[in-house]
Structure formats: C-alpha cells, structure tokens
Amino acid sequence: MRQAGRYLPEYRAIRAKHDFLTMCKTPELASEVTVQPIDIIGPDAAILFSDILVIPEAMGMKLDVIESKGPVFDDPIRKASDIDKLQSTDIVERLDYVIQAVRMTKEKLAGRVPLIGFSGSPWTLAAYMVEGQGSKNFDVIKSFIYTEPDVAHRLLQMLADAAVEYLNAKIAAGCDAVQIFDTWASLLSPSDFEEFSLKYIRYICDRLETNGAPVIVFAKGVGSHEALADLKCDVLGVDWTKDLGKVRQQTGGQKALQGNLDPTVLFAPKEKIRNEVERVLQSYGDGAGHVFNLGHGILPKTPVENTKYLVECVKEVSAKYRDEAKAA
Ligand code: CP3
C-alpha cells in the first residue's frame, strides 16, 4: 500500500516534475514508479501506481490531488441530477491509460514479482465523490445515504458496475491479483456496512473473471470479518487494530489473511520493528494463508532504511512459519 508513496526520494524526484494525475495518466511514468520500490525495497509483489479516484475522474469529475491536503473534487455529488451527469459507460476505454500502464509495468517487471491491480470499493469511492475530499466525520456522505438512500444506491450500483469492468480489464491486461480497497468501511455500523458497502463488494466479487488471479478485499476498520468470510474472494486484508489469529477464527480459515503491521511501527527503532514482525507472524500462527503486509498505507515520512529492514526481517523470520506450513 502506497509503496510508491512520498517516502521514496526516487518517487519524489519524478513527482517534482509532474503533477499526480499526469503521473497516473502517463504509462511510462506510472510503470516507472511502480517498479521503483521493487528495486529499492525488495517486496514480493508490486502494486500498480495509480489511484482509486481515477474512476470518478473518468466519469467526468474534476480531480486535484493537492500536496498536504490530498484529493479534492471541486464539484461534489450532492443530488440525483449530479449522478445523471456522470458518464458511466465505456469506463475502460476512458481508463485505457491504466491498462497501458499495466502492460508496460508487466514488461518492466519481466516476471520478477507479481503485479497487483486495484479499485476502490463503491462505498469508499462514493464517500470521496459526495464529500468532495477527505473529512473528519464524513457527515455529508452519511447524511446523503440516510436522507436519499435510493439515490445513494443508484450511485453505488453505478460504481460497482464500473469496478467490475475495470478490474476485469486489469486482469485481462496482466494483473496477477486485484485488491478492492474499502478504506472507509469504518464509518458504517454493521447493518449499514452490509447495506451500503458489502452488498456492492459482493456484487463485484461475484462478477470478476479472475482467470485464477487472487482477489483481495480490504475493508479497513470493519467490526468483524465474519461478514466477509463468504465473499467470492481469496484474501481479506486486515488493519492493525485486529488480531490476525482472532480474524482467522472469525473467518473459519476460509480466507487467506493479509496484514497487519501498524505502519507507524516503521518509525520505531529496529528492535521494535523486529519484535512486531515476530508478533504479527505469531498472531496468525502456523500454516499457510498469511500474506505479510502493513495494516494500511505507508506514511510519507517513513524512513526508507526501516522499510528495507522490515522486508529483510519478514523474509528471514517468516521462513520458520513457512517450514511449519510445509510440515503441516
Ligand atoms: O501503493 C501504491 O503506491 C499504489 C498506488 C496507490 C495510490 N493510492 C497512490 C497515491 C493506491 C493503491 C492508492 C489507493 C488509494 N487512494 C486509497 C485506498 C487505500 C488507502 O490508502 O486507504 C485511497 C483512499 C486513495 C485516495 C487518495 N489518494 C488519498 C487519500 C491521497 C492522499 C494521500 C496522502 O497520503 O496524503 C491520495 C494521493 C496519493 N495516491 C498519493 C499516492 C502515491 C500521494 C500523492 C502525491 O505524490 O502527492
């Protein structure tokens, strides 16, 4: 998550010359910064440099990604007629630059590591489209779903259809796995989560033409993973506030789990990083089905040295769990 984030000087050097959206829209640049962390940090997979908000942008919403503020839509969705203006057809054609970036990245990776493509969940995309930007309480999107549930569902369905098309095109272009980010699952009560988010994630998972590519669903801050256990996906992402062993129990071992080191541990001394790697691996326990990852995106000021150290630690320490998994 955010491997190519602002913490890498090599990323910042390119970013200094181009705005964020130009980088997303230029396959040469997007593929270059996708591959950077593979050479510098050495993780086992690459995640395509792009953003979840390219879908609303392709639907016609003007997007700015402002340094220190994050993404901003000038003209957020507030009523039914705003949804009518969105261009929801031919989404893949309008996002062809992402598909080209997938192809170019696959060439640059030359089989070294698999490539992960992604989409935002309909709920998380709608949250940004209606709020217009990140928010403390997300009261605008929350009041929108409560006062105009039918309009909200129309928007969510439109986004779900776009995500299916988009993720299928990414898999067809060469992505080896796809991840659905529901960053703002945490805003919803369990029943609202089912109605306004999970329903649409399920819709997407049911319609992916995976051709064997694993599907990862990351619902950040979800109360319990039990509700996600029967999704047609292979992996559930887990944030760092959860215990992997408990989530493994909740899901009855039906899904592989991905996570869940607290990203701020990367600011800690090396000894703490190592201890936390041990703790995360232990919390999952023996056997296959754990993908080590951070519990959310890497933060902008993260020391590169510590990130390299993390990857080394995981490779070294996880070996004994892999051996146990083989023996099991
Ligand atoms: O890991 C990677 O580098 C892959 C590319 C990636 C980005 N965004 C690049 C990016 C991915 C997978 C995303 C997903 C994304 N984007 C999510 C879901 C995951 C999550 O973090 O919860 C969300 C909610 C967004 C929306 C978004 N885009 C936000 C909130 C921000 C601001 C981030 C910040 O740290 O302030 C962005 C901008 C963004 N997307 C950057 C990058 C590398 C920083 C842009 C810059 O260089 O200024």
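## A charged patch, two cysteines and some backbone details

A negative surface patch in this structure is formed by D90, E93, D96, D161 and E165. The structure is a predicted model, and the values below should be read with that in mind.

Two members of the patch can be followed in more detail. E93 is found in helix α6, which covers residues 91-94, and E93 counts as exposed because its relative accessibility of 54% lies over the cut-off of 50%. D90, in contrast to a helix position, has its place in the loop between α5 (80-84) and α6. With a relative accessible area of 45%, D90 is partly exposed, since that class takes in the values between 20% and 50%.

D90 also deserves attention for its backbone, as its phi is near 50 degrees, a positive value in a residue other than glycine. N211 has a positive phi as well, of about 55 degrees, although N211 is not a glycine. The place of N211 is in the loop between α11 (190-206) and β6 (215-219), and because its relative accessibility is 78%, N211 counts as exposed.

A further backbone detail concerns the peptide bond from G259 to N260, which is cis, with omega near -10 degrees. N260 itself lies in strand β8, made up of residues 256-261.

What is the count of disulfides in this model? A disulfide is a covalent bond between the sulfur atoms of two cysteines. By the rule that the two sulfur atoms must be within 2.5 Å, the count comes to 0 disulfides. C24 is in no disulfide, and the cysteine sulfur nearest to it, that of C175, is 14 Å away. Seen from the other side, C175 is likewise in no disulfide, and its nearest cysteine sulfur is that of C24, 14 Å away.

Are these two cysteines buried or exposed? C24 counts as buried because its relative accessibility is 2%, and C175 is buried too, with a relative accessible area of 4%; the class of buried residues is the one under 20%.

The table gathers the accessibility values discussed above.

| Residue | Relative accessible area | Class |
|---|---|---|
| C24 | 2% | buried |
| C175 | 4% | buried |
| D90 | 45% | partly exposed |
| E93 | 54% | exposed |
| N211 | 78% | exposed |

Technical notes:
Residues are numbered from 1 along each chain as its sequence is written. This is a predicted model: local features need pLDDT of at least 70, side-chain atom pairs count only at pLDDT 80 or more; totals for chains, interfaces and linings use all residues. Side-chain values use heavy atoms; hydrogens and water are left out. Patches are made of residues with over 30% relative accessible area and no salt bridge: like charges are joined within 9 Å, nonpolar side chains (Val, Leu, Ile, Met, Phe, Trp, Tyr) within 5 Å. Accessible areas come from the Shrake-Rupley method with a 1.4 Å probe; for residues, only the protein chains shown count as cover. A salt bridge is a side-chain nitrogen of Lys or Arg within 4 Å of a carboxyl oxygen of Asp or Glu. Lys and Arg count as positive and Asp and Glu as negative; His and the chain ends are not counted. The place of a charge is taken as NZ of Lys, CZ of Arg, CG of Asp or CD of Glu. Helices (H or I, at least four residues) and strands (E, at least two) are DSSP runs, numbered from the N terminus. Buried means under 20% relative accessible area, exposed over 50%, partly exposed in between (1.4 Å probe, protein chains only).
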